[in-house]
Structure formats: structure tokens, C-alpha cells
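Here are some short exercises to work through with the structure open beside you. Try each task before you read its solution.

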Amino acid sequence: MVLWKQIIVSLCLVIAVAAAAALWLPGARPLLRAAGLERPMQVIGLIRDEGEAPAGDGRGPAVRTPKGVPVIAVPPGRVAMDTRIEAIGTTRGIRSVTVAAERTGRITALGIRSGQRVEAGQLLVQIDDAAARIAVERARVSLDYARNELGRMRRLEESGSGTVQQRLDAELALRNAELALTESERVLAQHRIEAPVAGWVGIVTLEPGDLLASGVEITTIEDRSRLLVDFRVPERLVAQIAQGDAVHAAPLADPAQLIAGRITALDNRVEAASRTLRVQAEVENPGDRLRAGMALRVGLNLPGEMRTAVDPMAVQWGTGSAYVWVVRDGKAATVSVQILQRNSDVVLVDAALEPGDLVVVEGVVSLRTGSEVSVQPGPST
């Protein structure tokens with residue numbers, strides 16, 4: 001019984017050694033085949049047929065592993081580097097007028113309230129104009145008298161009873177009467193204060209019956225259907241911007257509210273103290289959510305020079321510096337890169353890449369400098 005056990009154990013060891021040799025020693029297969037052991041070992045599953053795929057993948061004949069470390073690599077691209085300008089500007093309405101009284105008088109009617117929208121020509125304040133109306137009537141009476149007097153002097157001159165000088169004096173008196181009427185009508189009109197532009201009225205603190213002095217501010221009318229924002233750009237960028245360029249703005253109080261706009265004007269000179277140029281942009285005011293005087297962060301994208309672009313997954317980090325793996329002459333190599341700009345889909349770098357280099361996107365874990373590389377097809381190629 002002991003002998004049989006030793007024989008069985010020995011036989012198992014021989015089979016195990018043969019299976020190991022078939023798996024790990026390339027030259028063992030012919031010896032097993034000559035000894036008639038290859039096929040029985042394939043049948044019981046100790047070794048597989050060289051023409052079969054590994055068990056469990058179900059893909060038929062085995063595909064030979066290419067020589068070298070498999071990686072996915074793509075040529076580097078060229079993308080224009082964006083130059084983004086950001087500045088803080090202050091808004092004001094597309095039209096803004098401060099309304100003040102031109103005449104002193106007591107308010108008899110108030111045609112506005114705080115925050116109201118008015119149209120051009122709408123009554124804002126009516127000042128007591130009784131004295132001004134009397135002055136207009138007096139000027140009209142004087143004008144009628146001057147006309148009659150001129151007619152009389154002309155008739156006298158024609159009859160020989162009057163002189164040329166008398167006629168000329170009458171003509172001068174008529175002209176003065178006409179001017180006096182015009183002046184009195186102008187004074188009367190100044191007692192009625194109307195909106196010079198359409199827009200929204202600011203805070204009004206006046207009331208009917210208040211005595212309004214000449215020069216006192218009544219309110220400010222602001223047309224904020226669109227807003228103007230002034231900001232400054234460095235002088236080195238002056239040649240790259242022009243009227244009509246698109247801008248994006250966002251209120252400092254609500255950075256998520258992006259607003260589109262365009263440059264409407266550029267100043268005619270660079271400020272010597274700050275070496276900046278004043279730029280004016282016009283932005284929309286959707287929903288009337290913005291007010292004049294608010295601070296906006298204005299952004300302007302300018303196309304820059306073309307730069308090398310690589311996939312973000314290709315950028316690796318070493319001891320304080322960035323690099324990429326490249327396939328050069330079929331072998332792996334590292335190239336140091338200086339990151340210039342990160343975008344959502346590419347990274348713009350300054351790197352000493354050579355023509356024909358492929359930048360490794362996937363498979364960098366297994367790479368060593370100088371190791372042979374097998375470029376595999378992938379979605380990036």
C-alpha cells in the first residue's frame with residue numbers, strides 16, 4: 001500500500017513539473033509532444049492548446065501580444081492660446097439726465113413718484129406760473145401796440161408828414177416787443193418741468209406746496225434698458241481690441257449672472273499714470289435686474305499665438321515639474337513641459353517635442369525610459 005502511494009505521489013509530481021514546464025519553458029512543448037503527454041494534459045485541462053485563446057474569454061484563436069508596452073498615443077495638437085482680460089467697471093444707464101429747477105417757485109402739481117417710468121415730455125413738476133402768465137400777456141399787449149405804431153409811422157411817411165427816422169424807431173420798437181414776448185414765453189415754459197428723456201425716475205422727496213429754488217435737483221431719470229460700463233485694459237493689448245468686440249460681464253453681487261455685451265467706444269489716448277486705456281462697453285439688462293452704479297466684472301477673450309496642445313491625461317508630475325511620455329522611434333521617452341494654459345479639453349504647453357513624436361495618453365504606468373512601446377488604437381487616435 002505504501003508503495004502505491006509513493007508511485008501516485010511521484011506521478012503527480014511528474015505531471016505538475018511537466019505542466020509547469022509547458023507553461024513557462026518554451027522548449028518543453030516538443031518534449032511533451034514526443035513523450036505523448038501533451039494531448040492528455042490538454043484534455044484534463046492542465047495546459048491549453050497553443051492555438052486556443054485563454055479559457056474564459058470566448059474570442060477564438062489567441063492574438064499574439066505585440067512586442068513592447070501597449071499604450072495609446074496621439075500626435076500633439078496646435079491651439080490658439082486665449083488671452084483673457086478681466087476688469088472691474090461701473091455701470092450707468094444708456095441715457096441719464098439729472099433734472100433741476102430753472103426757476104424759483106412753489107410746486108402746484110407733482111406728476112411723478114419714486115421709481116416710476118416716464119416718457120419723454122411727460123410732466124414732472126409744475127411750478128406756480130401766475131406771474132409768468134401775466135408777463136406774457138403784457139408782452140403781447142406791447143407787441144400789438146408796436147405793430148400799430150409802425151403802421152401809423154409808415155402811413156405818415158407816405159403822406160410826407162412823417163420822417164424816415166420815425167419809421168425806423170417804430171420798427172426797432174416792434175422788434176424789441178417781439179423779443180420781449182419770446183422771453184416771457186420762455187420764462188413761462190420753465191415753470192413746467194418735463195422729462196427730457198424716457199426712463200426710470202429716482203427717489204423724489206418733493207411734495208406739492210414745497211418752495212422749489214432755482215438749481216435744486218428734482219430727480220435723476222435713467223434709461224437702463226441697456227447699460228454702459230467703463231473699464232480699463234493694459235496698453236499692451238490696445239492693438240488687439242476694437243469697437244464691436246464681444247464681452248461678457250457679471251455683477252460682483254451675483255457672479256453667476258452672465259451678461260453679453262459689446263465694446264462701443266475706446267478712448268483716444270492711454271492714461272500715462274496707469275498705462276491703461278479706458279474702454280466703454282454696452283451690455284444688456286435682462287429683466288431690469290441691474291442698476292446704474294453697480295460694479296461689473298468684465299471679461300474679454302482675445303485670440304493669442306498658436307501653442308502645443310496635449311490631452312490633460314498625458315500630463316504627469318515629477319519632482320516639482322511636469323512632463324509627458326512620448327513615443328520616439330518606437331521607444332518611450334519623457335519630455336519636460338511648461339504648462340501655459342489649462343482648458344476643459346486640452347492643456348497648452350511649451351515643450352521640446354520633435355516632429356513625429358506621439359504623446360502617450362493611456363498606459364503611462366508601465367512605461368520606463370527607453371522601453372519599447374506598442375501603440376494601440378484608441379478613441380483618441
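A residue is called buried when its relative accessible area is under 20%, exposed when it is over 50%, and partly exposed in between. Keep in mind that you are looking at a predicted model.

**Exercise 1. A serine in a helix**

Task: Decide whether S184 is buried or exposed, and find what it touches.

Solution. Start with the location: S184 lies in helix α5. Next, take its relative accessibility, which is 8%. The cut-off for buried is under 20%, so S184 counts as buried at 8%. Finally, look beyond the neighbours within four places in sequence: there S184 is in contact with A135, V136 and A139.

**Exercise 2. An alanine in the same setting**

Task: Place A177 in its helix and list its contacts from further along the sequence.

Solution. Helix α5 covers residues 164-189, and A177 is part of it. With a relative accessibility of 8%, A177 counts as buried. Setting aside neighbours within four places in sequence, A177 is in contact with A139, S142, L143 and A146. For a sense of distance, pick R138: 39 residues separate it from A177 in sequence, while their C-alpha atoms are 10.0 Å apart.

**Exercise 3. Checking a helix with a ruler**

Task: Work out what span helix α4 should have, and compare it with the model.

Solution. Helix α4 runs over residues 130-159, which is 30 residues. The expected span is 1.5 Å times one less than the number of residues. For α4 this gives 44 Å, and the end C-alpha atoms are 44 Å apart, so the two agree.

Now ask which α4 residues are buried. They are A132, V136, A139, L143, A146, L150 and M153. An α-helix has 3.6 residues a turn, so residues three or four places apart point the same way. In the model, the buried residues of α4 pack against α5. Just after the helix, G160 takes a positive phi of about 90 degrees.

**Exercise 4. Following the strands**

Task: Trace the pairings of β9, then go on to β11.

Solution. Begin with β2, which pairs with β9 in the antiparallel sense over 10 bridges. One pair to locate is R95 with its bridge partner D223 in β9. Then take β7 (residues 199-201), joined to β9 by two bridges and antiparallel to it; here V201 has I221 as its partner. The pairing of β9 with β12 is antiparallel too, with nine bridges, and R232 is matched with R278 in β12.

From β12, step to β11: seven bridges join these antiparallel strands, and E271 has T276 as its bridge partner. Four residues lie between the strands of this hairpin, where R275 takes a positive phi near 55 degrees. Last, β10 and β11 pair in the antiparallel sense over four bridges, with A246 opposite R262.

A separate point to trace is the open sheet of four strands, ordered β6-β5-β3-β8 with antiparallel pairing. Its edge strands, β6 (192-194) and β8 (211-212), each pair on one side only. Inside this sheet, β3 (residues 105-110) and β5 (residues 123-127) share three bridges, and I107 stands opposite I127.

**Exercise 5. Finding the nonpolar core**

Task: Which residues of the largest nonpolar core touch the most other members?

Solution. This core has 21 residues, and the ones to pick are F231, V233, I241, V279, V283, V298 and L300. At least two core residues come from each of β2, β9, β10, β11, β12 and β13. Zoom in on F231: beyond four places in sequence, its contacts include A87, I88, L277, V279 and V298. A second, separate core has 17 residues, among them A101, I112, V118 and V204.

**Exercise 6. Rings and a charge**

Task: Classify the aromatic pair formed by Y323 and W325.

Solution. A search of the whole structure finds one aromatic pair. The ring centres of Y323 and W325 are 6.4 Å apart and the planes meet at 75 degrees, so the pair is edge-to-face. Y323 is partly exposed, with a relative accessible area of 21%, whereas W325 counts as buried at 7%. Elsewhere, look at W200: the charged end of R117 sits over its ring, 4.7 Å from the centre.

How values were computed
Residues numbered from 1 in each chain as written. Predicted model: local features only at pLDDT ≥ 70, side-chain atom pairs only at ≥ 80, totals over all residues. Heavy atoms only, no water. Pairing = 2+ DSSP bridges. Core = buried A, V, L, I, M, F, W, Y, C linked by side-chain atoms within 4.5 Å. Buried < 20%, exposed > 50% of the residue type's maximum accessible area, 1.4 Å probe, protein only. Contact = heavy atoms within 4.5 Å. Phe/Tyr/Trp six-rings, centres within 6.5 Å; stacked < 30°, edge-to-face > 60°. Lys NZ or Arg CZ within 6 Å of the ring centre and 35° of its normal.
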